[in-house]
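Subject: The structure you asked for

Hi,

Here is the structure I promised to pass on. Have a look at it first, then read my notes below with the viewer still open.

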Amino acid sequence: MKEEMEQALVLVKGQIGILQDAIAALPPGKLVCARNGSWIKWYWDESHSQTYIPKWNRALAEQLAEKACKEQKLVDLENKRAAICAYLDVRKTLKLE
């Protein structure tokens, strides 16, 4: 079981590195969606300064949305890494190796 968890830890660390590289390649800031009547407006929030994203620049909005999804996946992977490390530490503390 310990070997499986160590392999899982290596895999998760690799996935975290790949995801961090992918996030770094995307534009800075985040996407903010706001309702204006029956319309949805897209804004690019870059260090507390919001800029309207026109519909013709949908590619930017998609990249910012993709970045938000990847950042959430990164949080999940970091939590998974922490859980695996905690498990391995407990095994070491209890001398179950």
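One thing to keep in mind from the start: this is a predicted model.

**The overall layout**

The chain holds 2 helices and 3 strands. Starting at the N terminus, the elements come in the order α-β-β-β-α. The C-alpha trace spans about 60 × 25 × 25 Å along its principal axes. The radius of gyration tells a similar story: the chain has 19 Å, while a compact globule of 97 residues would have one near 13 Å. Of the 97 residues, 23% are buried. If you take the contacts between residues at least 6 apart in sequence, 53% of them join residues at least 24 apart.

**The two helices**

Helix H1 covers residues 2–24. Its 23 residues reach 33 Å from the first C-alpha to the last, close to the 33 Å expected at 1.5 Å a residue. Helix H2 covers residues 58–93. With 36 residues, H2 reaches 52 Å between its first and last C-alpha, again close to the expected value, which is 52 Å.

Now try colouring the buried residues. In H1 they are Met 5, Leu 9, Val 12, Ile 16, Leu 19 and Ile 23. Look at the spacing in that list, and remember a handy rule: an α-helix has 3.6 residues a turn, so residues three or four places apart point the same way. What do the buried residues of H1 pack against? The answer is H2.

H2 has its own set of buried residues: Leu 60, Ala 61, Leu 64, Lys 67, Leu 74, Leu 77, Ile 84, Leu 88 and Arg 91. Notice that Lys 67 and Arg 91 are on that list too. The buried residues of H2 pack against H1, S1, S2 and S3. Just after H2 comes Lys 95, with a positive phi near 55°.

**The cores**

A general point helps here: in soluble globular proteins, nonpolar side chains tend to be buried together. In this model, the largest nonpolar core has 10 residues: Met 5, Leu 9, Val 12, Ile 16, Leu 19, Ile 23, Leu 74, Leu 77, Ile 84 and Leu 88. H1 and H2 are the elements that give two or more residues to this core. Which of them gives the most? That would be H1, with 6 residues.

If you want one residue to zoom in on, pick Ile 16. Leaving aside residues up to four places away in sequence, Ile 16 touches Leu 74, Leu 77, Glu 78 and Arg 81. There is also a second, separate core of 5 residues, and among them are Trp 42, Leu 60, Ala 61 and Leu 64.

**The sheet**

The 3 strands form an open sheet in the order S1-S2-S3, with antiparallel pairing. S1 and S3 are the edge strands, and each pairs on one side only. From one strand to the next, the twist averages 35°. As a reminder, strands of a sheet pair through backbone hydrogen bonds, either parallel or antiparallel.

S1 runs over residues 30–36 and S2 over residues 39–46, and 7 bridges link the two. One pair to find is Lys 30 with its bridge partner in S2, Asp 45. The hairpin of S1 and S2 has 2 residues between the strands, and Gly 37 takes a positive phi there, near 70°.

On the other side, S2 and S3 are joined by 5 bridges. Here you can look for Trp 42, whose bridge partner in S3 is Ile 53. Trp 42 is worth a second look, as it also appears in the second core.

**An odd spot in the loop**

Between S2 and S3 (49–53) there is a loop that contains Ser 47. Ser 47 has a positive phi of about 50°, although it is not a glycine. His 48, in the loop between S2 and S3 as well, is another non-glycine with a positive phi, this one of about 65°. Are these two residues buried or exposed? Ser 47 is exposed, with a relative accessible area of 66%. His 48 is exposed too, at 81%.

Have fun exploring, and write back if anything is unclear.

Cheers

Notes
Residues are numbered from 1 along each chain as its sequence is written. This is a predicted model: local features need pLDDT of at least 70, side-chain atom pairs count only at pLDDT 80 or more; totals for chains, interfaces and linings use all residues. Side-chain values use heavy atoms; hydrogens and water are left out. Two strands pair if DSSP finds at least two bridges between them. Helices (H or I, at least four residues) and strands (E, at least two) are DSSP runs, numbered from the N terminus. A nonpolar core is a set of buried Ala, Val, Leu, Ile, Met, Phe, Trp, Tyr and Cys residues joined through side-chain atoms within 4.5 Å. Buried means under 20% relative accessible area, exposed over 50%, partly exposed in between (1.4 Å probe, protein chains only). Contact means heavy atoms within 4.5 Å. Axes are lines fitted to C-alpha atoms, for helices over the stretch in contact, and angles run from 0 to 180 degrees between N-to-C directions. The expected span of a helix is 1.5 Å times one less than its number of residues. The radius of gyration is taken over C-alpha atoms; the globule rule is 2.2 Å times the number of residues to the power 0.38.
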